[in-house]
Protein chains: 2
Amino acid sequence: MTAEMFPKEKTIDLRKKHIGPSCKVFFSHDPIKIVRAKGQYMYDENGVRYLDCINNVAHVGHSHPMVVKAGAEQMELLNTNSRFLHDNLVQYAQRLQATLPEKLSVCYFVNSGSEANDLALRLAWEYTGHKDVITLDNAYHGHVSSLINISPYKFHQLANAEQSKSVHVALSPDLYRGNYRQDHPDPATAYADDVNNLIQKAHEKGHKVAAFIAESLQSCGGQVIPPAGYFQKVAQHVHQAGGLFIADEVQVGFGRVGTHFWAFQLQEDFVPDIVTMGKPIGNGHPMSCVVTTREVAEAFKNSGMEYFNTFGGNPVSCAIGLAVLDVIEKEDLQGNALRVGGYLMRLLEQQKEKHPLVGDIRGRGLFVGAELVRDRVKLTPATAEAQDIIYKLKEQHILLSADGPHRNVLKFKPPMCFSEEDADMVVEKIDQILTGTLNKFYYEYYSFFTDIEKALGLQMPSTVHTENGTPSPQSLWHSQI
Amino acid sequence: MTAEMFPKEKTIDLRKKHIGPSCKVFFSHDPIKIVRAKGQYMYDENGVRYLDCINNVAHVGHSHPMVVKAGAEQMELLNTNSRFLHDNLVQYAQRLQATLPEKLSVCYFVNSGSEANDLALRLAWEYTGHKDVITLDNAYHGHVSSLINISPYKFHQLANAEQSKSVHVALSPDLYRGNYRQDHPDPATAYADDVNNLIQKAHEKGHKVAAFIAESLQSCGGQVIPPAGYFQKVAQHVHQAGGLFIADEVQVGFGRVGTHFWAFQLQEDFVPDIVTMGKPIGNGHPMSCVVTTREVAEAFKNSGMEYFNTFGGNPVSCAIGLAVLDVIEKEDLQGNALRVGGYLMRLLEQQKEKHPLVGDIRGRGLFVGAELVRDRVKLTPATAEAQDIIYKLKEQHILLSADGPHRNVLKFKPPMCFSEEDADMVVEKIDQILTGTLNKFYYEYYSFFTDIEKALGLQMPSTVHTENGTPSPQSLWHSQI
């Protein structure tokens, strides 16, 4: 256990005084103080251990000794900018390139996913000479101003949001809640046609499309898995309009999806024009990368503007990045993501069978979402219930989050060393909570209804039974709301 | 000496293959490979030592053991995001705040100067509800798209640059080469009036000004020291228009100016509304900060949009930031900057007396510029000569750079442990080169003139003598060009 510098109350006071109030903590009414972490576990100031199901940044496990060693040794030796030659930079670029399709061969090293996505836009603007960007609904691509513009997840939060005229929001290719669902004969084409419609409308206004940008799997947007063939069809439309396809792998890259190293590779034989990487790339060290084709890189160069990033590609960041790649390989973390992710999905599917609140289980590898609904037909988002689960899990020392446009999707993206035992533990707790939650809502419903009933002198409705025989407050809810 | 992974040629080949061609190396025809560094010295793959006069990022000296230790120890313990409470974050914010005027009390931690300046713009836009930004000519504020827009240093490089209608470029308050010079009775007012004119013109077009942004001392813009009172007068105009004053301390903060910790403090009693920090803050570790007032921070929060930065304010970055502050204090590096910077200025002033090419010496602490001109009246920039000096110094294992709009200002911004002996060494070499350069230009001039003369059948002009008795090719140049 590590000594604290301040008692928790003092930490909270200083934070209120000196840290921007827009910067939120988890569990704001009783935030957690974490003082150390190892693997998939975090420890608070009292030595209490939390299971981390959400930290996709600590990709190879918190404070992995190989990563720490690589960083510390290089810091001791040299940390300078990339205007000097250094072998770490070129070796790292070569190693990253080896994980990608051959035509994605030119790297730009930057410091964050936001810097990466902003640079991706600059590359696309310069290469195409066009201005407009097509983004997906509920997308989040970063916090710098150019990316707030293309992040409906963010700009929908603003009361007086004014959407840029050069940004077009396409339907999220969500097969559960979106416009075209599992029962649609060809959702990939239908969603891609929506992108094409936006392109045509932009053309009608005299606009031209520089890029389509999408996370290879939407994360904040609600753990959305696009249908097979969607990216290829979108790319056809976008290329025809002279634009580029930017695949944002900031949250989902580096083997997380299990079957492939990059999530865009889930779409067979698909190759984007630009790939952006971030979060897991340095296991928490601030670094990031943009990879593109020789053609795009040369066009950017021909603009005449040098690109210099003070910290990007420094020898320490590259040493850390190399160590992360080594650990992924050495510990077969991609394989682990495939195995444990599959196991977790099966456990969650059982929860779906058991609890009507669990509407959908979807995911690839250790990128998994469980969408909670009060009604499996109307898909009424179970937002409060999702929050309730998150808070109750926290009390039981498990860290999980809920996201998506309705904040009703339980989001699993743990460090890649997550084990089957960890999956057992979290799902068991969820099971217990869901049982409790059902009871709670059941009772609340009845007490609510009883009050109204009494007021109006009405009779209670007959209880609806679900497949597993227990009265379902959800089905009662949707028969009323 | 550290073993190389690749021979230098292989490093260069891999770099050409895998690193964006817009990312330039120093001394492109024969770049340097640096494998380790300590204090103000860098070492190449053959163990050759270079004196570093330019690296303001390695602020407390390359690979400072206290900084390395702080980073390594924290990496081993925990590196996670600021949604968990951590004492490093609040302690660091408190320590930074203590260096600033009281009203600058709220911090946002980010990863780079670019992220910091972009966030500063977002704060100003949100607080004021206005859109327009006034920036200085030749300014550089970062590489993300919003900052390219306000960086004439960058957008002037573009062939087809289209200046944003909401960006207004004010005169650089340059007393040597600008519109109002040393001989002007009140250059501070004159330059501030130019800003006010831009505000009035913006108002006439129905625009409103969100912010004025300037480096406290212009760096890439040519080591420009604004006249006393300029910032106060600008702030009056900008505040009257409802805008904010953003002081960019990314290059010049953390005691570099010697007399003060922040360069904006050179302007007596002046307090900006937002300060951005970067480069030296983490001695090379990717980190950065924006500090503002409670009022601005609350307005930003009231927009309803959370601000989250994945890596910003992580415990490792904060541990490193704290160590940098400790070293500055413990080793009295601000005092060293004052002493050695003053000494360096005096040595350079002697060069100015000796060599007509040296037109102006200006600076504060260890932020010093020597502007080279071919003509002290017309101020014809001695761009090629500046490049020549830089290259010749490199051959003698001294790293210096030339910057400013004409790339004719020798720019000193060394690690803060730079010594008087280092200053002696670099100025001695410059003296030797200037003498050589003079000779070279003298001979080239004569041979050039002789060729023309021969071709045209003309006579040579009579040699002009300078104060120290040697014929001056510069004075000859300006009598011809």
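Visitor: What makes two aromatic rings a pair here?
Guide: Rings of Phe, Tyr and Trp (its six-membered ring) pair if their centres lie within 6.5 Å; planes under 30 degrees apart count as stacked, over 60 as edge-to-face and the rest as tilted. The model is predicted, so local features need pLDDT of at least 70 and side-chain atom pairs pLDDT 80 or more, while totals for chains, interfaces and linings use all residues. Residues are numbered from 1 along each chain as its sequence is written, chains are lettered from A and ligands numbered from 1 in the order written, and side-chain values use heavy atoms, without hydrogens and water.

Visitor: Which residues form one aromatic cluster in chain A?
Guide: The cluster joins Tyr180(A), Tyr191(A), Phe212(A), Tyr230(A), Phe231(A), Phe245(A), Phe264(A) and Phe270(A).

Visitor: And how many aromatic pairs are there over all chains?
Guide: The count is 36. One of them is tilted because the ring centres of Phe26(B) and Phe27(B) are 6.1 Å apart with planes at 45°. Phe26(B) and Phe27(B) are both buried, that is, under 20% relative accessible area, with over 50% called exposed and values in between partly exposed (1.4 Å probe, protein chains only).

Visitor: Changing topic, what rotation superposes chain A on chain B?
Guide: A rotation of 180° does so, with 0.0 Å of shift along its axis and an RMSD of 0.0 Å, by least squares on the C-alpha atoms of residues with pLDDT of at least 70 in both copies. The two copies are therefore related as by a two-fold rotation axis.

Visitor: Which C-alpha of chain A is nearest the axis?
Guide: That of Ala72(A), 2.6 Å from the axis.
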